[in-house]
Every structure is written in structure tokens, then in C-alpha cells.
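Q: I'd like a close look at one part of this model, please. Could you walk me through it slowly?

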Amino acid sequence: MSDTTQQPARKERNAWFEADARLKRRHLADKRLRAYGIAAIVFALGMLATLVGTILVTAAPAVTQTMVTFEVEVPEGSVDPANPSGGSYQTMLNASIARIFPDVDTPRELRELRQLFSNGGQYQLRDKILANPSLIGGTVSITFPLSDIGDQLHKGVIDRNLPPDFRRVNDAQIAWYDVLVERGQISTPLNWGLILNADSRFPELAGLRGALVGSFYALLVCFLVSFPVGIAAAVYLEEFAPKNRLTDLIEVNINNLAAVPSIVFGLLGLAVFLNFFGMPRSAPIVGGLVLSLMTLPTIIIATRAALKAVPPSIREAAIGVGASKMQTVGHHVLPLAMPGILTGTIIGLAQALGETAPLLLIGMNAFITAAPDSMFNPSTALPTQIYIWADSPERGFTSRTSAAIIVLLGFLVCMNAIAIYMRKRFERRW
Amino acid sequence: MASFETTMEAGTAMNETVKDAAASAAAVMPVGHETKISATKVSVFYGEKQALFDVSIDIPARQVMAFIGPSGCGKSTFLRCINRMNDTIDICRVTGTIAIDGADIYDPKIDPVLLRARVGMVFQKPNPFPKSIYDNIAYGPRIHGVAKAGSQMDEIVETSLRRAGLWNEVKDRLREPGTGLSGGQQQRLCIARAIAVNPDVILMDEPCSALDPIATAKVEELIDELRERYTIVIVTHSMQQAARVSQKAAFFHLGNLIEVDETERMFTNPRDQRTQDYITGRFG
């Protein structure tokens with residue numbers, strides 16, 4: 001472009017200019033295409049950010065739990081030292097509450113006052129006495145959750161400026177709550193109960209422990225079943241099976257199986273595992289078996305792709321030094337395919353972790369207030385727990401549902417990160 | 001050794017027959033080399049398509065036999081029949097007989113795994129296992145139970161690498177991956193891997209086509225040395241290479257074996273017109 005002013009080049013450049021116009025159009029088209037691509041990515045990222053942002057904002061209140069601390073007197077003789085679990089702890093707790101609010105005396109007012117506190121307090125008191133019976137006759141300090149309405153009031157989810165008919169707490173309850181705040185009995189520590197507690201009817205006591213343990217057992221069963229079976233099937237189909245119409249049919253069907261809606265697998269599990277084999281309802285072992293039916297095609301397809309990617313020269317080399325077919329596969333092909341197999345397996349398991357529909361059908365959405373001791377006990381799983389909580393009317397479950405979603409997403413991200421790490425770590429050149 | 005003693009004890013009558021047989025063989029075979037591999041009417045089919053037509057050839061022991069011919073002429077196919085490598089291809093079918101030391105290798109009683117331990121193979125592209133140099137060599141002896149891990153295995157690895165002329169270059173890095181070597185070194189590593197299981201025959205399928213001229217020269221030199229111990233069959237596209245390394249040559253064309261002769265004679269005075277055309281560069 002530096003020679004624009006030079007005359008002799010002009011004629012030649014005319015031709016160039018024409019080409020330039022066409023070139024410009026091509027470049028424009030190029031730029032447009034790139035812009036479309038960027039716009040698509042921005043749109044996708046925006047949606048993702050909205051999704052995650054909404055979940056995070058909704059989940060924020062569940063990060064902490066409003067607790068109240070009471071000094072409870074445990075008079076001598078109120079608890080039988082030989083049988084401490086039989087004590088009437090609710091009465092003692094009520095007594096110490098009544099001491100702070102002496103002028104509350106009508107039954108209706110008393111009921112409304114008690115509505116502010118979770119009924120988990122008496123159990124905490126009982127557990128303290130059980131752990132240390134020498135506390136009988138003295139004063140015990142317990143810190144236990146406020147009830148859902150107290151919690152929501154404290155976190156500002158319930159707006160105290162609304163007219164009384166439009167909020168779930170009345171003016172008296174707000175006044176009592178203010179007294180407790182003034183006395184410094186209210187605190188908001190981190191909500192470990194969300195992870196450590198099992199499910200409960202009361203949001204302030206509900207936690208994910210049962211769901212986490214249930215999901216762990218189900219995934220364990222799923223892995224133990226689908227990993228060896230999937231690899232064996234893929235190795236046979238890829239390395240040993242003759243290529244004929246039957247194996248073609250099997251291959252097509254495996255690919256179709258991967259696309260079958262998960263609820264169909266749930267129905268299958270219900271019919272076969274529960275009704276035919278009579279396995280326990282709601283148990284993680286059944287959940288794991290159903291999930292493994294779903295994961296199997298994924299693992300088989302991933303394994304076959306990984307086996308195919310091993311260069312034939314390696315097979316030839318092994319066969320050339322006199323390795324048998326089995327040795328060739330076992331010593332060379334399978335180890336080289338392992339990164340791909342593991343990646344496929346983890347992605348399959350991650351998919352299984354988030355699967356809800358089949359678990360609903362085999363009853364893993366039951367209300368179970370204790371974490372399962374083994375894979376044969378009834379339990380929930382993470383996605384079904386989310387489903388249950390999302391269905392519950394209490395305000396406290398709204399934030400807890402989102403918090404549970406974050407926990408589930410966290411596990412999924414971790415599993416995918418492990419898959420990427422494995423692929424990078426075990427990748428080998430040849 | 002056992003067979004040698006038996007022969008000694010069998011007495012003079014036996015010795016006479018052996019001598020007779022040797023004499024008659026000498027009458028047929030020039031230079032006094034006994035036949036190692038004897039193929040009779042070998043045909044190969046890939047599905048419906050016939051790739052090799054009634055090939056009959058005798059390959060002498062402890063010599064280098066070169067298979068030459070244009071691409072797709074069946075020389076590699078025939079080579080891969082000698083250690084039954086073609087068995088791994090589903091649609092491949094072989095008829096006729098190939099005998100090594102008089103034993104038919106397509107006999108159902110012959111285990112191809114054992115056969116491949118006796119008939120080693122080196123491929124066109126160097127294909128070391130993605131393992132250490134040591135493990136590359138030790139793999140064959142290990143699976144055949146020739147040696148257990150330890151000093152015995154160390155010895156096999158050293159001998160094989162020495163015979164492949166690679167020992168001095170890699171002795172300090174036996175634990176490093178074999179894939180980290182240069183192309184020529186990798187190919188010699190593959191040769192060392194083949195001789196580690198102590199074969200009688202080594203088949204080489206265009207072993208230098210992926211190598212530069214210097215690496216090629218080294219491999220050719222190695223082939224010449226290996227001829228002392230092993231029967232070598234090499235497929236090559238390079239006429240010069242055939243002339244340099246082989247004592248005998250076979251010319252294949254369109255699935256037919258056209259001509260077998262001393263290499264020197266074939267290159268100076270071919271009997272068939274097609275051979276003449278090929279080696280003078282008129283086609284192929």
C-alpha cells in the first residue's frame with residue numbers, strides 16, 4: 001500500500017482492486033462466521049452463568065443455619081441415671097424457655113412460642129446427658145436450630161414489614177425472636193448439618209448424609225458391575241468375535257441401548273430386580289444395578305473406541321514375537337487403551353450419578369431419616385433427594401434444594417476433572 | 001545335542017543314509033546350503049480375490065533371500081505366510097504347504113504361537129512396544145518361559161542387543177522407553193526383540209523403507225552379520241538393497257513367482273523378460 005501514489009503501478013493495481021473487492025467479501029463472510037460462533041458461545045456461557053448464578057443465589061441462605069443457645073437446668077431426680085434416655089427433656093427445655101418469657105401463659109401463645117424452635121433441641125439435650133450422666137443436677141448449655149420460620153425470619157426471607165396476614169410469623173413471634181437476639185442467644189454458624197444430617201421432615205434438621213451414602217453405594221455397585229462386564233464385552237467384540245451378521249446386530253443394539261431413555265431402564269429394574277428377583281425396595285444395590293444397565297453401553301462403546309485407537313503395529317509386534325491373542329490383548333492392547341477406557345467409564349459413572357428417573361421407579365425417593373448401613377438398606381440418592389426436597393412446601397427446603405444441586409454438580413465436576421487428569425496422565429505416544 | 005548322540009549311536013548304516021541324503025541334496029542345491037523353508041503350490045485368497053498363485057520355492061538356510069517385485073505383487077503376502085501372520089486376518093485363506101525343516105507349518109497340530117517364536121518378524125515401520133528398551137527385548141523370552149527375570153534375562157537382553165549392534169548405544173539407558181530412540185535405532189531394537197526368542201528364521205518386511213540412508217546402511221550391515229546364525233527372508237523395494245544384502249533373490253509379479261536365482265545372476269542375466277523389465281526400471 002506504500003506505492004499508492006506511484007503512477008506506473010496503477011494499471012496493474014486496477015486488477016488488484018477488483019480482486020480486493022471479492023477478497024473483502026470473503027473476509028467479511030469469514031468474520032461473520034466467526035462472529036456467529038462467538039455469539040453462540042457467549043449465549044451458551046450466559047445461560048450457564050444464569051443457571052449457576054440462580055442456583056448459587058438461591059442456595060446462599062442454606063450455607064448457614066440460625067441456632068439458638070439455651071441454658072437448661074436438669075434437676076436431680078428428673079432423669080433416672082439408670083435409664084437416662086427416658087427423661088422428659090422437652091419439659092426441661094420448655095421450662096428454660098418459659099423462664100425467659102415469663103408472661104407467655106396461654107396454651108395458644110405457648111404453642112406459638114415453641115413454633116420458633118426446632119424440635120431437635122430435646123434430642124441434643126438427651127445426647128449430652130447420655131454422653132455425660134454427671135451433668136444431671138446441673139445446668140447444660142445446648143445450641144440447636146431455630147425452626148424453619150425462625151430461620152427464615154432471621155435470614156430476612158420472611159419480611160417482617162409485611163402485614164401479619166401475609167407472613168408466616170405473627171407479631172408476637174417476631175417480638176420473642178427480637179428478645180432472643182437482644183439477649184445474644186441467636187447465632188448463625190456454618191450449616192454442617194446439611195452434609196452430616198440425614199433427611200428430616202423439618203428443613204432445619206434435614207441433611208444430605210443419607211443421599212450421599214446412598215449415591216456412593218449405588219455408584220460402587222454400578223462400577224463393580226459395569227466396568228468388568230463392559231470391558232469384557234468390548235474386548236470380545238473388538239478383538240475376538242468374528243465379523244458376521246450376528247456381531248453386527250449386537251453392535252447396532254448396543255449403540256441403540258445407549259440411547260434408550262433411562263426411565264425404561266427403571267421400569268426394567270422394577271420388573272426384573274424387584275418383582276422377579278425380589279430384591280429389597282429402595283436399596284442402593286438395586287439402584288446400582290439399574291444404573292449399571294445404563295452405564296454398560298457407554299463403557300462398551302468407549303472401550304471399543306479406545307481399543308480401535310491402538311495402532312495395529314503394536315498388535316503385529318506382539319504377535320510377531322509369538323504372543324498369543326490373549327497375551328497380545330492383555331499385555332499390550334488393553335494397557336494402551338486404558339486411558340480411553342477409564343475416561344469413558346468415569347463419564348458413564350458421572351451420568352449415572354445424576355440419573356433420577358430409574359431411581360424413582362425402584363423407590364429410592366422414599367422418605368428415610370437415617371443413612372443406610374449397607375447397600376441393602378433403603379436409602380435415597382443425591383438426585384432423588386433433590387427431587388424430594390424440591391417437592392416439599394417448607395421455605396427452608398428451597399435453599400437446601402439448591403445447595404444439594406451444588407453438591408451434586410460439585411461431584412460431577414470432580415469426576416470429569418479426574419477423567420481429564422487420567423487421560424493426560426496415562427496418555428502414551430507410540 | 002540329544003539327536004546328535006542318537007545319530008552317533010545309530011551306527012554306520014545310519015551314517016551312510018545320512019551321507020547319501022546329503023549328497024543328493026548337494027546335487028540339487030548349489031553352494032552346499034540345505035533348504036530351510038520349502039513352499040509348495042502356495043495360494044492365498046483374500047475373500048474371493050486370489051492374491052498369490054501356486055508359489056513354490058525353496059529358501060536356503062543361513063542365507064539372505066530377497067523378495068522383489070512391484071507393489072501389490074504378493075511378496076509381502078507370501079512372507080507373512082511363513083510365520084502364519086495371515087492367520088490374524090479373518091478373510092485370508094492359504095492353500096498349499098510350507099515346510100520348515102520338513103515340518104508342515106499349516107499342520108493343525110502346529111501352534112502358530114510356537115511357530116512365531118521360531119520364525120521372527122521385523123516390520124516395515126519400527127514398532128517397539130511403548131515400554132522400556134529392556135522390556136521390549138525381555139517380553140518375548142518372558143512369555144515363552146525361556147528365562148525368568150534376573151541375571152539370565154539380563155544376559156539375553158545384552159546378547160540380543162549386541163547381536164543387533166545396539167548395545168553400545170543403549171546400554172546406559174535400558175530403562176528408558178524404546179519409543180524414544182531414533183528410527184534406525186528403533187528398527188534395530190525390533191530386530192533385537194526378534195532374535196531374543198532365538199528364532200531360526202527372521203522375516204523382514206521392507207525393514208528400511210522408513211529409515212534414512214545412514215540408518216539403512218547400519219541395518220543392512222546388521223543383516224549381513226545375522227546371516228551367520230539365521231535364515232533371513234527380506235522383502236524390499238530397493239533393487240540396490242537386494243543386490244547389497246541378499247545371496248538369492250525371488251521376483252514376484254501379479255501374484256506369481258516369476259524367477260528365483262542367485263542375486264548376482266538375476267541382476268546381471270535375468271531369464272525372464274518381466275524380471276529384466278523390472279530391474280532395469282521399465283515398470284514398477
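How many Å apart do the C-alpha centres of domain 1 of chain A and domain 2 of chain A lie? And once that's settled, please take me to the sheet in chain B.

A: Sure! Keep in mind that this is a predicted model. The C-alpha centres of domain 1 and domain 2 of chain A are 59 Å apart. To find those domains, look at residues 10–61 of chain A for domain 1 and 64–190 for domain 2; chain A also has a domain 3, covering 209–426.

Now hop over to chain B. There you'll find an open sheet built from six strands, and if you walk across it you meet them in the order S6-S7-S8-S3-S9-S10, with mixed pairing. The edges are S6 (119–122) and S10 (256–262) of chain B, each of which pairs on one side only. Going from one strand to the next, the twist averages 20 degrees.

Let's zoom in on the S10 edge. Its neighbour S9 (residues 248–253 of chain B) runs antiparallel to S10(B), and six bridges join the two. Want one to look for? B:Lys248 has B:Glu262, in S10(B), as its bridge partner.

A helix joins the picture too: H8 of chain B (residues 183–196) packs on the sheet, where it touches S6 and S7 (201–205) of chain B. The direction of H8(B) makes about 170 degrees with that of S6(B).

Finally, here's how the chains meet: 18 residues of chain A are in contact with 22 residues of chain B. On the chain A side, H12(A) gives the largest share, six residues. By class, that side has eight nonpolar, six polar and four charged residues.

Conventions. Residues are numbered from 1 along each chain as its sequence is written. Chains are lettered from A and ligands numbered from 1 in the order in which they are written. This is a predicted model: local features need pLDDT of at least 70, side-chain atom pairs count only at pLDDT 80 or more; totals for chains, interfaces and linings use all residues. Two strands pair if DSSP finds at least two bridges between them. Helices (H or I, at least four residues) and strands (E, at least two) are DSSP runs, numbered from the N terminus. Axes are lines fitted to C-alpha atoms, for helices over the stretch in contact, and angles run from 0 to 180 degrees between N-to-C directions. Two residues are in contact if their C-beta atoms, placed from the backbone, lie within 7 Å. Domain bounds come from an automatic or database domain assignment. Ala, Val, Leu, Ile, Met, Phe, Trp, Tyr, Cys and Pro count as nonpolar, Asp, Glu, Lys and Arg as charged, and the others, Gly among them, as polar.
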